[in-house]
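This report looks at the overall build of one protein and then at one pair of helices.

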Amino acid sequence: MRIAVLVLDDVFDSGLTAVLDVFKTANNLRGCIPQPPPPWDLTRVGFTSTVRTSCGLLVGTEPVARAADCDLLLIPAVSTPFPHGLAPWLESEDTARARELVARTRVRGAQLAGACTSTFLLADSGVLDGLRATTAWQLAPLFRERYPKVALDEQRMVTHSDGITTAGAAFSAVDLALSLVRRSSPSLSDLVAGRLIIEERPTQATHSMPTALADRDATTAAFEAWVRCHLNRPVTLTDAAHAIGVSKRTLQRRTRSVLGISPVRFIQDLRIEQATHLLRSTDEPIDVIARRVGYETASTLRMLLRTRTGRTAGQLRGQRHAG
């Protein structure tokens with residue numbers, strides 16, 4: 001597979017090098033498995049011959065015309081410390097040229113891939129309309145607001161939809177590259193993961209912070225603050241809406257619009273976040289923690305932890321001791 005890696009100014013250093021390292025390792029290990037897939041041929045391309053990374057390193061690139069016949073155009077994330085920095089970047093000249101390249105690549109049927117902030121570039125090009133995608137969890141409210149035609153699932157680390165692969169936060173570039181290797185050869189992907197000591201991370205849910213998401217909107221921020229004050233008791237949406245001065249329907253609509261989930265799901269997320277913190281920071285029994293976060297029985301909390309985080313209560317508690 002011929003892969004063109006589009007390197008833009010302020011590219012996230014590890015996002016770029018992780019992609020290069022994973023595919024280089026896969027090429028090096030191809031001979032270790034029977035019936036290996038064809039090698040991956042990576043070319044760094046850019047709009048200038050030298051690109052400066054976010055940490056100030058200089059990266060040489062080939063002319064972007066080299067991407068004209070690639071099988072996959074992969075765009076690592078650029079570094080923007082805050083969501084509000086994305087708008088100026090999306091309006092820049094380089095980004096406009098990148099959008100045109102993405103559109104041309106899509107029209108001729110080649111694959112596309114991007115992680116973190118570069119998922120905004122894909123969405124801005126219109127190629128994600130009607131498809132599933134993910135992005136960095138902390139950017140999800142802004143993504144959902146800008147691109148309502150995209151079926152966003154920010155809990156996933158990597159998504160594949162109609163030839164387009166998207167990944168979450170910047171370090172998910174590792175997961176992105178490994179998933180592309182896996183699509184050609186699961187056994188080689190396992191070999192690469194073992195050599196580089198990469199653990200499978202199907203979800204970003206364990207890393208997301210509900211407060212950071214809710215803060216984008218006054219209603220959801222007030223709702224989040226009220227729920228946190230009542231985590232140890234049953235709550236109703238009617239009580240919550242009344243307490244923050246909005247109707248129940250408005251609360252449901254704003255939570256869906258900003259967070260992409262129902263108010264009930266958001267309450268569960270806050271309870272799970274607090275329970276996870278208590279498991280990692282205290283020696284309290286699971287049944288005590290369950291009551292502290294509003295559940296009558298530990299079994300309910302155990303089930304939700306497994307469903308949402310992919311880990312048992314014991315595994316979450318063990319992370320503290322392992323550290």
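## Overall build and one helix pair

The protein exposes about 15,400 Å², and carbon and sulfur atoms supply 52% of this area (Shrake-Rupley method, 1.4 Å probe). The model is predicted: local features need pLDDT of at least 70 and side-chain atom pairs pLDDT 80 or more, while totals for chains, interfaces and linings use all residues. Residues are numbered from 1 along each chain, and side-chain values use heavy atoms, without hydrogens and water.

Of the 323 residues, 48% count as buried, meaning under 20% relative accessible area. The radius of gyration, taken over C-alpha atoms, is 22 Å, which agrees with the value near 20 Å for a compact globule of 323 residues. That rule is 2.2 Å times the number of residues to the power 0.38. The C-alpha atoms fill a box of roughly 60 × 45 × 35 Å along the principal axes.

The secondary structure comes to 15 helices and eleven strands, which are DSSP runs of at least four residues (H or I) and at least two (E), respectively. Two of the helices, α9 and α11, are in contact (heavy atoms within 4.5 Å) through the residues below.

| Helix | Residues | Contact residues |
|---|---|---|
| α9 | 218-229 | Thr219, Thr220, Phe223 |
| α11 | 248-259 | Leu251, Arg254, Thr255, Val258 |

Their axes, lines fitted to C-alpha atoms over the stretch in contact, come within 9 Å and cross at roughly 105°. The two helices are therefore roughly perpendicular, a term for angles of 65 to 115 degrees between N-to-C directions. The contact residues divide into three nonpolar, three polar and one charged.

Note on methods: Axes fitted to C-alpha atoms, helices over the stretch in contact; angles between N-to-C directions. Parallel < 35°, antiparallel > 145°, perpendicular 65-115°, else oblique. Nonpolar A, V, L, I, M, F, W, Y, C, P; charged D, E, K, R; others polar. Buried < 20%, exposed > 50% of the residue type's maximum accessible area, 1.4 Å probe, protein only.
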